[in-house]
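Please go through the model below, sheet by sheet and site by site. A short report follows the display.

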Amino acid sequence: MSGSRARHAESLPHNRPKATERWGRTQCPYCGVGCGLLVQIEAGQAVRVKGDPDHPANFGDVCAKAIMLPRALHTPDRLLYPHLRTRRDQTLTRVPWSLALKTVARALRNIIAQYGPDAVAFYGSGQLLTEDYYVANKLAKGFLGTNNFDANSRLCMASAVAGYKTSLGSDGPPAAYADLELADSFFIIGSNPAECHPIVFRRIKRRKEQAHDDVKVIVVDPRRTETADIADLHLPIRPGADVALLNAMLSVLVEQGLVDQQFIANHTQGWEELRAQLARYTPEAV
Ligand code: SF4
């Protein structure tokens with residue numbers, strides 16, 4: 001842990017668990033921030049959740065979704081056992097796992113016998129882990145013989161991956177959480193972290209409050225969101241105008257000789273083609 005991060009962790013007012021209590025360490029399953037959690041266990045059940053003060057993503061902070069995890073686990077209407085009805089107008093009845101599995105297997109076998117394996121498709125949850133995906137894919141591709149396996153993880157991330165690959169050359173965001181405490185400027189576009197990634201937003205906000213005049217926050221969003229509330233500059237552009245705005249910014253950078261020619265020569269492709277496009281994107285025109 002770097003010096004600034006260590007100081008940051010110490011400064012947070014979260015109590016550490018008492019020695020007599022039983023706490024486990026885990027990770028919040030809900031969003032991509034990946035907050036570290038401490039879960040209190042009583043009689044084999046999770047009864048309380050709080051942020052892990054030693055976790056480098058959240059340093060003890062958590063949002064409401066994680067706090068409510070014990071309630072979600074123990075809600076009386078949680079589906080814990082298979083239920084079956086043979087007709088839609090029947091009431092669902094609890095059945096043993098063996099019967100449920102046989103029923104699904106028989107249905108799949110009948111569909112495949114009649115229409116072929118591509119008549120079957122799987123749709124996975126974004127909350128599945130790598131190993132879960134492996135097993136589910138094995139079942140679909142290795143045993144049933146269909147490639148029809150999709151998941152909301154792909155639908156959710158496909159546009160981001162395409163953007164990362166074409167603009168940065170690699171499928172992954174280039175920044176690290178540790179950069180948040182070192183940044184002098186935040187340019188937030190196409191994102192409302194105050195609502196979607198609240199713990200990251202809290203860190204941005206804390207950084208802004210710590211060095212109010214030196215840290216600038218720019219938010220590009222047609223709506224005035226809670227994220228825009230902390231912005232020095234909120235640009236409420238027309239929906240769909242973000243590429244035009246980015247091109248106009250690039251045209252100013254080129255015009256004023258602020259681009260790093262060495263970096264462009266070493267690490268980019270298609271620069272001349274891009275540059276030729278910029279004539280259409282003067283700040284005035286945009
Ligand atoms: S921001 Fe909230 S939902 Fe996301 S990982 Fe952290 S606690 Fe979970």
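The report covers two sheets, a ligand site and a few single residues.

## Status of the model

This is a predicted model. Everything below should be read in that light.

## The antiparallel sheet

One sheet is open and has 3 strands. Its order is β1-β2-β3, and the pairing is antiparallel. β1 (23-27) and β3 (45-51) stand at the edges. Each has a single partner strand, so one side of each is left without a neighbour in the sheet. From one strand to the next, the twist averages 35 degrees.

β1 meets β2 (residues 36-42) through 5 bridges, in the antiparallel sense. Two pairs mark this register. Gly24 has Val39 as its bridge partner in β2. Gln27 stands opposite Gly36, also in β2.

## β2 and its hairpin

β2 is mostly covered, with 5 of its 7 residues buried. β2 and β3 run antiparallel and are joined by 6 bridges. Across this pairing, Ile41 of β2 faces its opposite number Ala46 in β3.

The hairpin of β2 and β3 has 2 residues between the strands. In this hairpin, Ala43 takes a positive phi near 50 degrees.

## The parallel sheet

A second open sheet, again of 3 strands, has the order β8-β9-β10. Here the pairing is parallel. β8 and β10 (233-235) are the edge strands, and each pairs on one side only. The twist averages 10 degrees from one strand to the next. Helix α9 (residues 242-255) packs on this sheet and touches β8, β9 and β10. The direction of α9 makes about 145 degrees with that of β8.

How many bridges link β8 and β9? The count is 5, between β8 (residues 185-189) and β9 (residues 216-220), in the parallel sense. Ser185 stands opposite Lys216 in β9. On the other side of the sheet order, β9 and β10 pair in the parallel sense over 3 bridges. There, Val220 stands opposite Leu235 in β10.

## Two faces of β8

Which side chains of β8 are buried? Phe186 and Ile188 are, and they point to one face. Ser185, Phe187 and Ile189 point to the other face and are not buried. The side chains thus alternate along the strand. Ser185 belongs to the face that is not buried, and Ser185 is also the residue opposite Lys216.

## The ligand site

Where does the ligand sit? It lies in the largest cavity. The residues around the ligand include four cysteines: Cys28, Cys31, Cys35 and Cys63. Tyr30, Gly34, Val62, Lys65, Ala66, Pro198 and Ile199 also surround the ligand.

Two helices contribute to this shell. α2 (64-67) and α8 each supply at least two of its residues.

## Lys208 in helix α8

Lys208 lies in helix α8 (residues 198-210). Is Lys208 buried or exposed? Its relative accessible area is 5%, and the cut-off for buried is under 20%, so Lys208 is buried. Neighbours within four places in sequence aside, Lys208 is in contact with Val215, Val217, Ile230 and Asp232. Of these, Val217 falls in β9 (residues 216-220).

## Ala72 in helix α3

Ala72 is found in helix α3 (residues 69-74). At 36% relative accessibility, Ala72 counts as partly exposed. That class runs between the buried limit of 20% and the exposed limit of 50%. Leaving aside neighbours within four places in sequence, Ala72 is in contact with Tyr30 and Arg78. Tyr30 is also one of the residues surrounding the ligand.

Ala72 and Gln277 are 205 residues apart along the chain. Their C-alpha atoms are separated by 52 Å.

## Asp179 before β8

Asp179 lies in the loop between α6 (152-168) and β8. Asp179 is partly exposed, with a relative accessible area of 36%. What separates Asp179 from Thr91 in space, C-alpha to C-alpha? The distance is 55 Å, for a sequence separation of 88 residues.

Methods: Residues are numbered from 1 along each chain as its sequence is written. This is a predicted model: local features need pLDDT of at least 70, side-chain atom pairs count only at pLDDT 80 or more; totals for chains, interfaces and linings use all residues. Side-chain values use heavy atoms; hydrogens and water are left out. Two strands pair if DSSP finds at least two bridges between them. Helices (H or I, at least four residues) and strands (E, at least two) are DSSP runs, numbered from the N terminus. Axes are lines fitted to C-alpha atoms, for helices over the stretch in contact, and angles run from 0 to 180 degrees between N-to-C directions. Buried means under 20% relative accessible area, exposed over 50%, partly exposed in between (1.4 Å probe, protein chains only). Contact means heavy atoms within 4.5 Å. A residue is near a molecule or strand if one of its heavy atoms lies within 4 Å of it. On a 1 Å grid over the protein atoms alone, a cavity is a set of points where a 1.4 Å probe fits but cannot get out, and a pocket is an open set with protein on both sides within 12 Å along at least five of seven lines; lining residues have an atom within 4 Å of a point. A molecule sits in a cavity or pocket if more than half of its atoms lie within 2 Å of its grid points.
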